[in-house]
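Here is a set of short exercises to work through with the sequence and the structure side by side. Try each task yourself before you read its solution.

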Amino acid sequence: MTLGTTIYLDGAYLPADEARISPFDRGFLFAHAAYEVTAVYNGKLIDFEDHLTRLGRTLKGIEIVPPDVDLREVHQQLIERNQLQEGLIYLQVSAGDQGPRDFYGPERLEPSVFLFATHKTLIGDLARDGITAILVEDTRWARRDMKTTQLLSQSLAYREARRQGAHTAIMIADGYITEAASANLWIVNADGKLVTRDLSRALLPGITRATMVRLMQDHGLVVEERAFTTDELLNAEEAFTSSTGVVIAPVLSIAGTQIGEGKAGPKTRQVQRLYYNYIGADLKRFDWL
């Protein structure tokens, strides 16, 4: 992943190394901020309107005034200024600098807006070869459906996964899987059904997840949206994650237990083909599909 040279901060396009925020910004002091990450493939934004809709929902939930900015135009400018063909654009809207640290703050929280671009291969080695995972307790705050910058639990989960030689962590609450540390999780059960956790406050409503549900149903695949247990996960025929940054990654093993045959299964590959075709990828480039 390579950082783009030009960023956007509160109305100005700047070299990345010149970006500065106030230490009194509520995003810094309280993690009082929302964010979105939108994929760019062949120079085009993927599912951008869905990301904006989720951003608006999160901003309303955490009481930040929506920014008076044409966010689509800013994204397009960052694509052009950074010559971004494949990668991600990160958008953060914080509650801004509202003066000295105060839990309540002013009634109206005017936002600060920050965006940057990264060059990243979206369909790469992890999509081809798969990932490994560990299991951790889900210690996040109760409103996991809001995409805020309160990511300490996820960060610690990733650090523990790295220490154990795994790629990611899968989070458990009350005996049920919620999601992976920064992705939604899917299993394929013995009946060939694709199962993913139903949407609630317990997990983030992934944009890639939503598109995949539509694509699967349009192509006759059976999708069950429900909670599932750790045992169901460890005994699944296949498992994979879905996210903006890694797209679809087969899960090979969890906490040392092999999932299925320990490699990407036929349903996972079918779903990858459907989604890659949706974003305009040339499937001939990926002979492993």
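**Exercise 1. A salt bridge and its two ends**

Does Glu-110 count as buried, partly exposed or exposed, and at what relative accessibility?

*Solution.* Keep in mind that this is a predicted model.

- Step 1. Glu-110 has a relative accessibility of 38%. Buried means under 20% and exposed means over 50%, so Glu-110 counts as partly exposed.
- Step 2. The side chain of Glu-110 meets that of Arg-108 in a salt bridge, with 2.5 Å from N to O.
- Step 3. Arg-108 has a relative accessible area of 52%, so this residue is exposed.

**Exercise 2. A pair across two elements**

Find the salt-bridge partner of Glu-225, then work out which elements the pair ties together.

*Solution.* Start from the charged atoms and move outwards.

- Step 1. The partner is Arg-209, and the closest N and O atoms are 2.6 Å apart.
- Step 2. Glu-225 belongs to strand β13 (residues 223–225) and Arg-209 to helix α6 (residues 207–218), so the salt bridge ties together parts that are 16 residues apart in sequence.
- Step 3. Now look at the accessibility of each end. Glu-225 is partly exposed, with a relative accessible area of 39%, whereas Arg-209 counts as buried at 3%.

As general background, side chains of opposite charge can pair when their charged atoms come close.

**Exercise 3. From one pair to a network**

Describe the salt bridge between Glu-224 and Arg-226, then find which residues are joined into one network by salt bridges that share partners.

*Solution.* Take the pair before the network.

- Step 1. The side chains of Glu-224 and Arg-226 meet at 2.8 Å, N to O.
- Step 2. Glu-224 is partly exposed, with a relative accessible area of 22%, and Arg-226 counts as partly exposed at 25%.
- Step 3. Elsewhere, shared partners link Asp-138, Arg-140, Arg-144 and Glu-179 into one salt-bridge network.
- Step 4. The count of salt bridges comes to 18.

One member of that network, Arg-140, is also touched by Gln-154, as is Ala-181, when residues up to four places away in sequence are not counted. Gln-154 lies in helix α5 (residues 152–163) and counts as buried at 11% relative accessibility.

**Exercise 4. Two helix pairs**

How do α2 and α3 cross, and how do α6 and α8 pack?

*Solution.* Take the angle, then the residues, for each pair.

- Step 1. The axes of α2 (residues 48–61) and α3 (residues 71–81) come within 11 Å and cross at roughly 130°. The two helices are therefore oblique to each other, and the crossing is right-handed.
- Step 2. From α2, Phe-48, Glu-49, Leu-52 and Leu-55 meet Leu-71, Arg-72 and His-75 of α3. By class, this contact has 4 nonpolar, 1 polar and 2 charged residues.
- Step 3. For α6 and α8 (residues 266–278), the axes are 10 Å apart and the angle is about 110°. That makes α6 roughly perpendicular to α8.
- Step 4. Thr-208, Thr-211, Met-212, Leu-215 and Met-216 of α6 meet Val-271, Leu-274, Tyr-275 and Tyr-278 of α8. This contact has 7 nonpolar, 2 polar and no charged residues.

**Exercise 5. Positive phi values**

Where are Asp-47 and Asp-174 placed, and is each one buried or exposed?

*Solution.* Begin with a general point: most residues other than glycine have a negative phi.

- Step 1. Asp-47 has a positive phi, near 55°. Its place is in the loop between β5 (44–45) and α2, and Asp-47 is buried, with a relative accessible area of 12%.
- Step 2. Asp-174 also has a positive phi, near 55°. This residue is found in the loop between β9 (168–173) and β10 (176–180), and Asp-174 is exposed, with a relative accessible area of 75%.

**Exercise 6. The surroundings of Ile-254**

Which residues are in contact with Ile-254, leaving aside its neighbours within four places in sequence?

*Solution.* Locate the residue, then list what surrounds it.

- Step 1. Ile-254 lies in strand β15 (residues 247–254) and is buried, with a relative accessible area of 0%.
- Step 2. The contacts are Ala-133, Ile-134, Leu-135, Ile-170, Leu-233, Leu-234 and Ile-259.
- Step 3. As a distance check, the C-alpha atoms of Ile-254 and Gly-130 are separated by 12 Å, while the two residues are 124 apart along the chain.

Note on methods. Residues numbered from 1 in each chain as written. Predicted model: local features only at pLDDT ≥ 70, side-chain atom pairs only at ≥ 80, totals over all residues. Heavy atoms only, no water. Helix = DSSP H or I, 4+ residues; strand = E, 2+ residues; numbered from the N terminus. Buried < 20%, exposed > 50% of the residue type's maximum accessible area, 1.4 Å probe, protein only. Contact = heavy atoms within 4.5 Å. Salt bridge = Lys/Arg side-chain N within 4 Å of Asp/Glu carboxyl O. Axes fitted to C-alpha atoms, helices over the stretch in contact; angles between N-to-C directions. Parallel < 35°, antiparallel > 145°, perpendicular 65-115°, else oblique. Left-handed = near helix turned anticlockwise from the far one by under 90°. Nonpolar A, V, L, I, M, F, W, Y, C, P; charged D, E, K, R; others polar.
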